[in-house]
Amino acid sequence: MADPSRLRPDDRADFEAVLHHALGTADIRGALGADPTGRAAAHLRAHALAHADDIAAAAERPYRSYLAVRRAARQETRSLLGAGSLLPALAVLTPLVAGTSAVALLLTGALLHVAGAVGPLPGSLVAAGWTLALAAAVTGLVTLADVLHTALRRRGVPPAADQVEHARLVWRQELLDRGILPHLRRHLGPHPGTAITPCSPPDTLTPCPARAREDRTPCSD
């Protein structure tokens with residue numbers, strides 16, 4: 001069984017999208033702005049992507065919930081497309097076929113009766129027609145009642161797609177707040193070829209003067 005804290009391959013795109021958003025936040029962008037070459041930003045992005053599973057573990061609980069909701073929605077979709085789809089089709093076709101057959105038998109019996117046909121055939125056709133008409137009416141009412149029951153049962157329940165999207169957005173927000181942003185702020189330090197050193201609290205990172213790189217002391221105004 002796969003580790004639930006590890007990102008699924010189809011969720012990597014979401015991780016990269018959240019990482020791109022995090023790199024554009026004011027404090028991260030301000031700190032990275034001290035390096036005009038862009039190498040610091042590239043290094044920070046590559047480091048985050050390389051540690052995607054560790055970062056995602058900070059939002060493990062909402063990720064588990066998202067996976068559970070998504071799995072349930074997929075199972076529901078498969079069940080609707082599978083054997084369960086045969087019953088609704090029969091429920092719709094039965095009254096139509098029975099009704100059409102009833103009309104045909106009633107017309108045929110009536111024409112034979114008008115034509116003066118002898119024997120029990122005209123009466124049998126008419127009786128069979130009325131039987132099929134009754135069957136069409138009953139099956140039609142049952143189908144209509146089932147549709148109304150399903151609609152009332154699902155009234156007020158969000159569609160599966162909406163539930164999946166809500167769980168996905170909750171996970172992405174937690175991934176941003178608890179995973180990616182703290183990781184980026186922790187690793188906003190001196191990298192080869194850059195001039196970026198944390199000189200203020202993580203939520204107010206600003207580019208540090210060159211002297212701060214040399215003595216490694218916090219900057220002060």
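This is a short walk through one protein chain, from its overall layout to a few single residues.

To begin with, what we have on the screen is a predicted model. The chain contains 9 helices and 0 strands. Read from the N terminus, the order of elements is α-α-α-α-α-α-α-α-α. Of its 221 residues, 27% are buried. The exposed surface comes to about 13900 Å², and 65% of that is supplied by carbon and sulfur atoms. If you take the contacts between residues at least 6 apart in sequence, 69% of them join residues at least 24 apart.

Now the core. Which residues touch the most other members of the largest nonpolar core? They are F15, I28, L175, I180 and L184, in a core of 29 residues. Two or more residues each come from α1, α2, α3, α4, α5 and α8. Of these elements, α8 gives the largest share, with 8 residues. For orientation, α8 covers residues 160-186 and α5 covers 60-81.

I180 is a useful place to stop. Setting aside neighbours within four places in sequence, I180 contacts F15, V18, L19, A22, I55 and L175. Several of those names come back when we turn to α1, where the buried residues are D14, F15, V18, L19, A22 and L23. So I180 is in contact with F15, V18, L19 and A22, and those four are buried residues of α1, buried being under 20% relative accessible area.

How far apart should the ends of α1 be? The helix has 12 residues, and at 1.5 Å a residue the expected span is 16 Å. The end C-alpha atoms are in fact 16 Å apart, so the model agrees with the expectation.

Next, a loop residue. A58 sits between α4 and α5. Its relative accessible area is 33%, so A58 counts as partly exposed. Beyond four places in sequence, A58 touches R178 and G179. There is also a long step along the chain here: A58 and E174 are 116 residues apart in sequence, yet their C-alpha atoms are 8.1 Å apart.

Then the record. The unreviewed UniProt entry lists residues 80-107 and 127-148 under "transmembrane region". In the model, residues 127-148 are 100% helix and 0% strand, with the end C-alpha atoms 32 Å apart.

Two threonines in that stretch deserve a slide. T139 is in helix α7, and T143 is in α7 as well, a helix that runs over residues 121-153. Is T143 buried or exposed? T143 is buried, because its relative accessible area is 18% and the cut-off is under 20%. T139 is at 23%, so T139 counts as partly exposed.

Both side chains reach back to the backbone. From T143, the side chain reaches the backbone oxygen of T139 at 2.9 Å. From T139, the side chain reaches the backbone oxygen of A135 at 2.8 Å. A polar atom of the T139 side chain is also 3.1 Å from the backbone oxygen of A136.

What does T139 touch beyond four places in sequence? The answer is T94 and P95. The C-alpha atoms of T139 and A98 are separated by 9.0 Å, with the two positions 41 residues apart along the chain counted as sequence distance. A98 and T94 both fall in the other range that the record lists, 80-107.

That is the tour.

Definitions and conventions
Residues numbered from 1 in each chain as written. Predicted model: local features only at pLDDT ≥ 70, side-chain atom pairs only at ≥ 80, totals over all residues. Heavy atoms only, no water. Core = buried A, V, L, I, M, F, W, Y, C linked by side-chain atoms within 4.5 Å. Buried < 20%, exposed > 50% of the residue type's maximum accessible area, 1.4 Å probe, protein only. Contact = heavy atoms within 4.5 Å. UniProt positions renumbered as here; feature names shortened; annotations may be inferred. Polar contact = N/O pair within 3.5 Å; in protein donor to acceptor, adjacent residues only side chain to side chain. Expected span 1.5 Å × (residues − 1). Areas by Shrake-Rupley, 256 points an atom, 1.4 Å probe, with all protein chains shown as cover.
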